[in-house]
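Biologist: I should like to learn how to read pockets and nonpolar cores from a model. Shall we take the features one at a time?

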Amino acid sequence: MWVTADGHIRQELRADGRYDEARGNRRSAYTGRYTVTGNHLDYVDDTGFTATGDVRDGVLFHEDLVLYKEEQA
């Protein structure tokens, strides 16, 4: 699970190549598939929208978002 610093956006990157992004109280605001090549991610939303991301120094830069790996309890 990746989250913004304020916790408003939560992005689950699942092992099956699917993602589920929640925004605030809106669960599954965006869903689709993703692929990873090295540190680069390519996203294709279920509506056909595409986006990219890169992991640098343990931080996910997804378009204009900055997400941090959520610590597991």
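Modeller: We may begin with the pocket, bearing in mind that this model is predicted. The lining of the largest pocket divides into six nonpolar, three polar and five charged residues.

Biologist: Which residues of the lining lie nearest the centre of the largest pocket?

Modeller: Of the 14 lining residues, Glu21, Arg23, Phe49, Ala51 and His62 lie nearest the centre. The volume of this pocket is about 190 Å³.

Biologist: Which element supplies the largest share of that lining?

Modeller: Strand β3 does, with three residues. At least two lining residues come from each of β3 (18-23), β5 (40-45) and β6 (50-56).

Biologist: How should one read a nonpolar core?

Modeller: In soluble globular proteins, nonpolar side chains tend to be buried together. Here the largest nonpolar core has 10 residues: Trp2, Ile9, Tyr19, Tyr34, Leu41, Tyr43, Ala51, Leu60, Leu65 and Leu67. Two or more residues of this core are given by each of β5 and β8.

Biologist: Which residues does Tyr43 contact, leaving aside its neighbours within four places in sequence?

Modeller: Among them are the core members Tyr19, Tyr34, Ala51 and Leu60. Tyr43 also contacts Phe49 and His62, both of which lie among the residues nearest the pocket centre.

Biologist: Is Lys69 buried, partly exposed or exposed?

Modeller: Lys69, in strand β8 (residues 65-69), has a relative accessible area of 48%. The range for partly exposed runs from 20% to 50%, so Lys69 is partly exposed. Beyond its neighbours within four places in sequence, Lys69 is in contact with Met1, Trp2 and Gly58, and Trp2 belongs to the largest nonpolar core.

Methods: Residues are numbered from 1 along each chain as its sequence is written. This is a predicted model: local features need pLDDT of at least 70, side-chain atom pairs count only at pLDDT 80 or more; totals for chains, interfaces and linings use all residues. Side-chain values use heavy atoms; hydrogens and water are left out. Helices (H or I, at least four residues) and strands (E, at least two) are DSSP runs, numbered from the N terminus. Buried means under 20% relative accessible area, exposed over 50%, partly exposed in between (1.4 Å probe, protein chains only). Contact means heavy atoms within 4.5 Å. On a 1 Å grid over the protein atoms alone, a cavity is a set of points where a 1.4 Å probe fits but cannot get out, and a pocket is an open set with protein on both sides within 12 Å along at least five of seven lines; lining residues have an atom within 4 Å of a point. Grid points are joined across faces, edges and corners, and a volume is the space filled by probe spheres set on the points. Ala, Val, Leu, Ile, Met, Phe, Trp, Tyr, Cys and Pro count as nonpolar, Asp, Glu, Lys and Arg as charged, and the others, Gly among them, as polar. A nonpolar core is a set of buried Ala, Val, Leu, Ile, Met, Phe, Trp, Tyr and Cys residues joined through side-chain atoms within 4.5 Å.
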